[in-house]
Amino acid sequence: MNTNSKTKTMALTAMMTAVLAILSPISIPTTPVPITLGLFAVFLTSATLTPLLASSSVCIYILLGMVGLPVFSNYMGGPQVIVGPTGGYIIGYFAVTFILSNVCRRTENYPLRLTAALLSLMILYLFGTLWYVAISGVSFWYGLSVCVAPFVVIDIAKAAVALVLADLLSRRITKKK
């Protein structure tokens, strides 16, 4: 990889971290889990970057939030968000980046990419719900009813749109001048 390519890669990773930090706080407060654009940004990041870079972008985003920058939902920041009831969903972003980014590196087939996004979404839901249940002391079924059921259709739409935008972005980035 030449210096120009490394610079472009670093710039794209920084840009996707910024997208995460800008979109994630935008939310519609619902109880107990808000509707945010964070997952949309994670899908976009995962479909655009390599697995290592996508994970790095998510890691930097989480670190920014952990030090107190208001990059989490409802413009919150600090470690209490991660260790709180909904922190498992943020940590679960790594499952999304691992699965979706790996599949997107191997195929341009949209149905396969969407399937990978949905599989990663199910794993994110499982991890986040188990975390929520453990922290909140509610039943697993209650956790599913308040942390997953209201979001399924919205999150599938986020995945579908993010994959299309990632494809357009990738084509634009790799376009020769």
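Trainee: What are α7 and α8 to each other, oblique or roughly parallel?
Mentor: In this predicted model, α7 and α8 pack at an angle of about 120°, so they are oblique to each other. (Under 35 degrees is roughly parallel, over 145 roughly antiparallel, 65 to 115 roughly perpendicular, the rest oblique.) Residues are numbered from 1 along each chain as written, and side-chain values use heavy atoms, without hydrogens or water. Local features need pLDDT of at least 70 and side-chain atom pairs 80 or more, while totals for chains, interfaces and linings use all residues.

Trainee: How far apart are the axes of α7 and α8?
Mentor: The axes of α7 and α8 are 9 Å apart. (Axes are fitted to C-alpha atoms, for helices over the stretch in contact; angles run from 0 to 180 degrees between N-to-C directions.) Helix α8 covers residues 140–147. (Helices are DSSP H or I runs of at least four residues, strands E runs of at least two, numbered from the N terminus.)

Trainee: Which way does α7 pass α8, left-handed or right-handed?
Mentor: Right-handed. (The near helix is turned clockwise from the far one by less than a right angle; anticlockwise is left-handed.)

Trainee: And which residues meet there?
Mentor: From α7, L126, T129, L130, Y132 and V133. From α8, F140, Y142, G143, L144, V146 and C147. (Contact is heavy atoms within 4.5 Å.) This contact has 9 nonpolar, 2 polar and no charged residues. (Ala, Val, Leu, Ile, Met, Phe, Trp, Tyr, Cys and Pro are nonpolar; Asp, Glu, Lys and Arg charged; the others, Gly among them, polar.)

Trainee: OK, other end of the chain. What angle do α1 and α3 make?
Mentor: About 45°, with the axes 9 Å apart. That makes α1 oblique to α3. The contact takes T9, T13, M16, T17, L20 and A21 from α1. α3 brings L53, S57, V58, I60, Y61 and L64.

Trainee: How many charged residues in that one?
Mentor: None in the contact of α1 with α3. The split is 8 nonpolar and 4 polar.

Trainee: What about α2 and α6, what is their angle?
Mentor: About 35°, with axes 7 Å apart. α2 passes α6 in a right-handed crossing. The contact includes G38, L39, V42 and F43 of α2, and Y93, V96, T97 and R105 of α6. It divides into 8 nonpolar, 5 polar and 1 charged.

Trainee: Switching to empty space. How many cavities of 30 Å³ or more are there?
Mentor: The search of the whole structure finds 1. Its volume is about 310 Å³. (On a 1 Å grid over the protein atoms alone, a 1.4 Å probe fits in a cavity but cannot get out; a pocket is an open set with protein on both sides within 12 Å along at least five of seven lines; lining residues have an atom within 4 Å of a point. Points join across faces, edges and corners, and volume is the space filled by probe spheres set on them.)

Trainee: Which residues are closest to the centre of that cavity?
Mentor: V33, P34, T36, Y89 and Y93, out of 21 lining residues. The lining has 14 nonpolar, 5 polar and 2 charged residues.

Trainee: And the largest pocket, how much space lies in it?
Mentor: About 790 Å³. L12, S170, I173, T174 and K175 lie nearest its centre, among 23 lining residues. α9 gives the most to the lining, 7 residues. By class, the pocket lining has 7 nonpolar, 6 polar and 10 charged.
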